[in-house]
Every structure is written in C-alpha cells, then in structure tokens.
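Please report on the ligand site, the strand core, the cysteines and the backbone geometry of this model. Keep it brief.

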Amino acid sequence: MIGGQGVSDAILLYCRPGFEKECASDIVQQAALLGVHGYVRAIKDAGHIRFVVADGGAALQDHLRFSDLIFARQLIHQIGEIDNLPAHDRLSPIMAMIDQSGLRFSDVFMETADTNDAKSLSVLLRKFKVPLRRALEKKDLLGNEHLPRLHVFFESGTEVVLGFSNPRNASPWPMGIPRLKFPAGAPSRSTLKLDEAFQFFLAHPDEALVPGMTAVDLGAAPGGWTYQLVRRHIRTVAVDNGPMDSRLLDSGIVQHARADGFRYRPLKPVDWLVCDMVEQPHRVAALVADWLAEGACREAIFNLKLPMKKRYDCVTECRSIIEERLAKADRRVVIAFKQLYHDRQEITGYATRGRS
Ligand SMILES: C[S@@+](CC[C@H](N)C(=O)[O-])C[C@H]1O[C@@H](n2cnc3c(N)ncnc32)[C@H](O)[C@@H]1O
C-alpha cells in the first residue's frame with residue numbers, strides 16, 4: 001500500500017500512443033533513482049502504461065516528479081482497478097472503491113486513452129459525468145483545490161482504473177492534453193508547439209516573455225514559432241533560407257536572416273533562442289549547448305526530432321551533450337524535456353540560465 005487506505009502500489013501514466021516503451025523506460029529509470037523497483041504493464045499503441053511497484057512505493061508518492069518524466073502526459077497514483085463494471089450500474093462499484101480509499105478530492109477528471117479506439121467511449125463519459133459528480137458531492141468527497149484530483153480512466157466500457165494526482169505535481173489538463181486554439185493569424189500549425197511549451201515549462205510566462213525582449217528563431221519558416229514571439233512583442237531574428245510569412249515581416253519587429261542556423265550567431269546576446277530545425281537531434285542539442293555556453297542566449301526552447309529506433313537512448317545522449325558542454329564552460333543551467341501533446345515523433349527541450 002502507498003499513501004494509506006485503499007491505495008494500490010501502481011502508477012498510471014498517459015503517453016502518446018506508440019511511445020509506451022519510452023514512457024516505460026522513463027518511469028523505470030526515475031523509480032530506480034528513488035530506490036523503487038517494479039515492473040511495467042503496457043500494450044503497444046494503447047496510449048498509457050502501468051508501473052507496478054514491487055517494493056518502496058511510498059518514495060514514488062513523495063518524491064517522483066511529473067516534470068522528470070519526459071514521455072508521460074499525466075502522473076496518476078492508482079487507487080484500484082475494476083474490470084467487470086456492469087453496464088446497468090457502473091456508479092455503485094466505482095463509488096464503493098472511492099469510499100474505501102478514504103480520500104477526498106479537489107476535482108474529478110473522466111478520461112480515456114488518446115487513441116481512436118477510445119473515442120467510442122466519449123458518449124459514455126459524457127453521460128456518466130453528472131451522476132458521478134453528484135454522488136461525490138452527496139458524500140462530501142469534493143473539497144478545496146489543494147486536495148488530490150480524482151481520475152476515472154475508462155479502458156473500455158467495463159474496465160476502469162481509479163486514481164489520483166497531486167495538482168502541484170501533474171498536468172493540469174484532462175488526459176494531459178491542453179486544448180489550445182489555433183490563432184487565425186499564425187502561418188503554421190507548429191505555432192501550437194511553442195505555445196504549449198511556454199505554458200508547460202514557464203512557471204510565469206508573463207514574466208518570462210516580456211515586450212521588448214529579443215529572440216532568435218532558428219529554422220523559422222514559415223513563421224509559426226516567430227508568430228508566438230511577435231504576439232508577445234519580442235523582437236525576433238527569424239533564421240531560415242525558406243520564405244517567411246509576409247504579415248510577420250510587416251510587424252516591424254521581425255528581421256529575416258537567410259542563413260544556416262548552425263552558423264548564425266547574433267551580434268549581441270539575446271533573451272531567447274528557439275529552434276525547430278528539422279535536423280539530427282544530437283546536432284541541435286550541441287548547438288543549443290554552444291549558445292548557452294557562449295552566453296549568446298539566456299533561455300532556450302528547442303525541438304528534437306527523434307529517430308525511429310532507440311529514441312530513449314537518443315534523449316539521454318542529447319541531455320548529456322548539453323550537460324557536459326555547459327559543465328566545461330562552468331555555466332549553471334536548468335534543463336527539462338517533455339514530449340508535449342503537440343509534439344509528434346519529437347520532444348521539446350527547455351534550458352535556462354535563470355533570470356535576474
Ligand atoms: C519544421 S520547419 C519549422 C516550422 C516553424 N517553426 C514554424 O512554426 O513555422 C523546419 C524549418 O527548418 C529549416 N531548416 C532546416 N535546417 C536548417 C538550417 N541548417 N538552417 C536554417 N534553417 C534550417 C527548414 O528550412 C524549415 O523551414
């Protein structure tokens with residue numbers, strides 16, 4: 001048991017379908033660092049995995065950080081599983097298990113995996129939402145925002161996993177998916193990647209992205225990432241041999257540099273480096289490390305396009321490239337990686353030297 005009454009020794013993680021193996025490597029490694037051992041239950045393309053603890057589960061609840069899990073969209077501590085929900089009364093067994101856990105909650109998320117198969121469950125979820133919430137309210141199981149969040153994860157119409165997340169150590173979004181609106185003026189859908197990265201990595205985006213700051217966007221064309229900078233009134237050099245959207249150039253705060261992103265350097269240090277070049281991830285990692293080591297930028301957000309095989313190893317190697325380069329330069333930098341919802345066969349990195 002972890003966390004007291006009625007809580008099982010398992011962790012449920014959501015991930016991008018097809019990345020279950022990487023998500024498994026991630027949790028096994030993070031758990032091992034905390035002295036916790038266990039095994040993974042996963043099905044290919046299912047969009048979620050389970051980590052079942054063999055011993056030492058309490059450390060996971062106390063010390064496992066969602067931000068350290070690169071491939072997980074959500075971190076849920078399991079309360080229990082029900083695999084024979086009767087179609088005529090799904091509510092009673094679910095409420096019985098919740099009651100047994102002895103927990104109260106800030107909110108309830110009804111969820112499925114992010115797969116095509118699971119989409120057929122959306123009608124069921126919609127119908128079930130109000131009765132479940134009413135039942136929780138009736139038993140006074142919903143309280144303030146600091147309480148854990150209840151997750152009711154439907155694997156099928158008859159199988160459900162109940163669990164909870166800590167609102168300070170989990171994704172704030174149902175299914176771990178931010179519902180971002182595509183801005184009408186943006187020239188490419190890639191814009192949502194940088195929008196999500198700002199929201200995910202920056203504790204206070206309004207303080208980190210201030211009008212008048214400067215940025216370089218490597219691999220900028222046609223300008224989806226530059227759009228996110230311009231909309232925050234950040235002066236941007238867009239580096240790409242390809243054409244940029246003319247509306248961005250007309251803004252007066254974008255300069256288009258037709259140059260190789262691996263050779264370009266600004267005359268003066270900039271606040272932000274962003275990089276979405278389709279290039280080998282190790283090369284991009286080394287480039288970002290150079291910029292930070294040389295003091296050419298203070299913060300960086302960069303996309304790493306992953307290979308088809310050994311993707312987890314690739315991420316580990318890229319992190320080492322950056323850490324080793326910065327250690328050599330005696331620069332202290334905080335680095336984080338996440339496979340964001342808008343990332344496909346890729347992950348996003350964030351590195352900061354801190355703000356004064
Ligand atoms: C995925 S697209 C970037 C999309 C852009 N972030 C957006 O939101 O519209 C990748 C871009 O990287 C550029 N690119 C690839 N290698 C480059 C290099 N060595 N130097 C500059 N740009 C490069 C390509 O020309 C292409 O426009």
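The report below goes from the ligand outward to the backbone. The model is predicted.

**Ligand site**

The ligand has 17 residues around it. S188, G224, D240, G261 and D276 come nearest. By class, the shell holds eight nonpolar, six polar and three charged residues.

Polar contacts to the ligand involve both backbone and side-chain atoms. The table lists three.

| Residue | Protein atom | Ligand atom | Distance |
|---|---|---|---|
| A221 | polar backbone atom | oxygen | 3.2 Å |
| P222 | polar backbone atom | oxygen | 3.4 Å |
| D276 | side-chain N or O atom | nitrogen | 2.8 Å |

Taken alone, the ligand exposes 600 Å². The protein buries 77% of that area.

Two of the residues in the table also share a backbone feature. A cis peptide bond joins A221 and P222, with omega about 0 degrees. P222 sits in the loop between β8 (214-218) and α8 (224-230). G224, one of the residues that come nearest to the ligand, is where the range of α8 begins.

**Strand β6**

Is strand β6 buried or exposed? Six of its six residues, 149-154, are buried, so the strand is largely enclosed by the rest of the structure. Both faces are covered. R149, H151 and F153 are buried on one side. L150, V152 and F154 are buried on the other.

β6 has a partner in β5 (residues 107-111). Five bridges join these two strands, and they run parallel. In this pairing, V108 stands opposite L150 of β6.

β6 also pairs with β7 (residues 160-165). Here there are six bridges, and the strands run antiparallel. F154 stands opposite V160 of β7. The connection from β6 to β7 is a hairpin through five residues.

Two residues of β6 thus appear twice in this picture. L150 is buried and stands opposite V108. F154 is buried and stands opposite V160.

**Cysteines**

How many disulfides does a search of the whole structure find? The count is zero. A disulfide is a covalent bond between the sulfur atoms of two cysteines. The cut-off used here for a pair of cysteine sulfur atoms is within 2.5 Å.

Why does C23 form no such bond? Its closest cysteine sulfur, in C15, is 4.4 Å away, which is too far. C23 is buried, at 1% relative accessibility.

C318 fails on distance as well. Its sulfur lies 4.2 Å from the closest cysteine sulfur, which belongs to C314, and that is too far for a bond. C318 counts as buried, at 0% relative accessibility.

**Backbone exceptions**

Most residues other than glycine have a negative phi, and most peptide bonds are trans. The cis bond between A221 and P222 has been noted above. Two residues with positive phi follow.

D45 is not a glycine, yet its phi is near 65 degrees. D45 lies in the loop between β2 (37-42) and β3 (48-55). Its relative accessible area is 41%, so D45 is partly exposed.

K310 is not a glycine either, and its phi is positive at about 50 degrees. Where is K310 found? The residue is in the loop between β12 (297-305) and α11 (311-328). K310 counts as exposed, because its relative accessibility is 65%.

Methods: Residues numbered from 1 in each chain as written. Predicted model: local features only at pLDDT ≥ 70, side-chain atom pairs only at ≥ 80, totals over all residues. Heavy atoms only, no water. Buried < 20%, exposed > 50% of the residue type's maximum accessible area, 1.4 Å probe, protein only. Near = heavy atom within 4 Å. Polar contact = N/O pair within 3.5 Å; in protein donor to acceptor, adjacent residues only side chain to side chain. Areas by Shrake-Rupley, 256 points an atom, 1.4 Å probe, with all protein chains shown as cover. Nonpolar A, V, L, I, M, F, W, Y, C, P; charged D, E, K, R; others polar. Helix = DSSP H or I, 4+ residues; strand = E, 2+ residues; numbered from the N terminus. Pairing = 2+ DSSP bridges.
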